[in-house]
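I opened my notebook to write down what I could look up in this structure, one entry at a time. Pull up a chair and follow along.

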Amino acid sequence: MFEIDPDKPSIPALARILSGMGILCMIGSITSLLLAFSGYSWINEIYAMAGAVGAFLLALVFVGQAKTLELLAVVSARLKSRFAMESMVKHQHASAASTTPAQSRSRSTVPKERIIHVPDDQAREQGFKVR
């Protein structure tokens, strides 16, 4: 039913707060826009319209910052895993080089790159061409 994606870490709390504030500002923008066109005598249309535009811009800023924080968490997790893999491979090559004779040490061995399998439908969703 529920699946944990190890590649996508949990969303930081600050990103959830900013996303909620962005939604709240969007609701405020719509409310202010409706009040601007309501025709009530106690509403100043200019201030209501300016408030709607201001709340909309503030909502864009909040949502943009929230998405940036989410992506930073994903990038950080991927970098940590990549550096851990590279460190492990270097350690394995260093230990293998110390056990081999001197003749094979002179040849430089290039580590093989990782090959990650991505399902075809997921590759198509991300815009890659499947061979």
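**Entry 1: V53 and its patch.** I began with V53, which I found in helix α2. The model I am reading is a predicted one, so I keep that in mind throughout. Is V53 buried, exposed or partly exposed? Its relative accessibility is 47%, so I noted V53 as partly exposed. I then looked for company at the surface: V53, F56, L57 and L60 together make a nonpolar patch of about 360 Å².

**Entry 2: L57.** This member of the patch also has its place in helix α2. L57 counts as partly exposed because its relative accessibility is 48%, which falls between the 20% and 50% cut-offs. I checked one backbone distance here: the C-alpha atoms of L57 and G22 are separated by 9.5 Å, with the two positions 35 residues apart along the chain counted as their spacing.

**Entry 3: F56.** Next I went to F56, again a residue of helix α2 and again part of the nonpolar patch. At 37% relative accessibility, F56 is partly exposed. Which residues does F56 contact, once neighbours within four places in sequence are left aside? I found M26 and S29. From F56 to G22, the C-alpha atoms are 8.6 Å apart, and the two residues sit 34 apart along the chain.

**Entry 4: S29, from the other side.** I followed the F56 contact back to S29, which lies in helix α1. Buried or exposed? S29 is buried, since its relative accessibility is 8% and the cut-off for buried is under 20%. Not counting residues up to four places away in sequence, S29 touches A52, A55 and F56. So I have a partly exposed F56 in contact with a buried S29.

**Entry 5: G51.** Helix α2 also holds G51. With a relative accessible area of 32%, G51 is partly exposed. I looked up its distance to G28: the C-alpha atoms are separated by 8.6 Å, and the residues are 23 apart along the chain.

**Entry 6: the core.** Which residues make up the largest nonpolar core? I listed A15, L18, C25, A59, F62 and A66, 6 residues in all. The elements giving two or more residues to this core are α1 (13-36) and α2 (45-99). I picked out L18 for a closer look at its partners. Apart from neighbours within four places in sequence, L18 is in contact with F62, Q65, A66 and L69. Of those partners, F62 and A66 are listed in the core as well.

**Entry 7: the salt bridge.** How many salt bridges does the structure hold? I found 1. The side chains of E70 and K67 meet in it, at 3.8 Å from N to O. Why is the spacing of E70 and K67 worth a note? They are 3 residues apart in helix α2, so about one helical turn separates them. Their surroundings I wrote down separately: E70 counts as buried at 17% relative accessibility, whereas K67 counts as partly exposed at 47%.

**Entry 8: the aromatic pair.** My search of the whole structure turned up 1 aromatic pair. Y40 and W42 form it, with 5.6 Å from centre to centre and 20 degrees between the planes. The pair counts as stacked, because planes under 30 degrees apart are classed that way. I also checked how much of each residue is accessible. Y40 is partly exposed, with a relative accessible area of 45%, while W42 is exposed, at 63%.

**Entry 9: the whole chain.** I stepped back for the totals. The protein chain has 4 helices and 0 strands, and from the N terminus on its elements run α-α-α-α. What share of the 131 residues is buried? I noted 13%. The accessible surface comes to about 11300 Å², and 65% of it belongs to carbon and sulfur atoms. For contacts between residues at least 6 apart in sequence, I wrote that 63% join residues at least 24 apart.

Conventions: Residues numbered from 1 in each chain as written. Predicted model: local features only at pLDDT ≥ 70, side-chain atom pairs only at ≥ 80, totals over all residues. Heavy atoms only, no water. Core = buried A, V, L, I, M, F, W, Y, C linked by side-chain atoms within 4.5 Å. Buried < 20%, exposed > 50% of the residue type's maximum accessible area, 1.4 Å probe, protein only. Contact = heavy atoms within 4.5 Å. Phe/Tyr/Trp six-rings, centres within 6.5 Å; stacked < 30°, edge-to-face > 60°. Areas by Shrake-Rupley, 256 points an atom, 1.4 Å probe, with all protein chains shown as cover. Patch = residues over 30% accessible without salt bridge, like charges linked within 9 Å, V, L, I, M, F, W, Y side chains within 5 Å. Salt bridge = Lys/Arg side-chain N within 4 Å of Asp/Glu carboxyl O.
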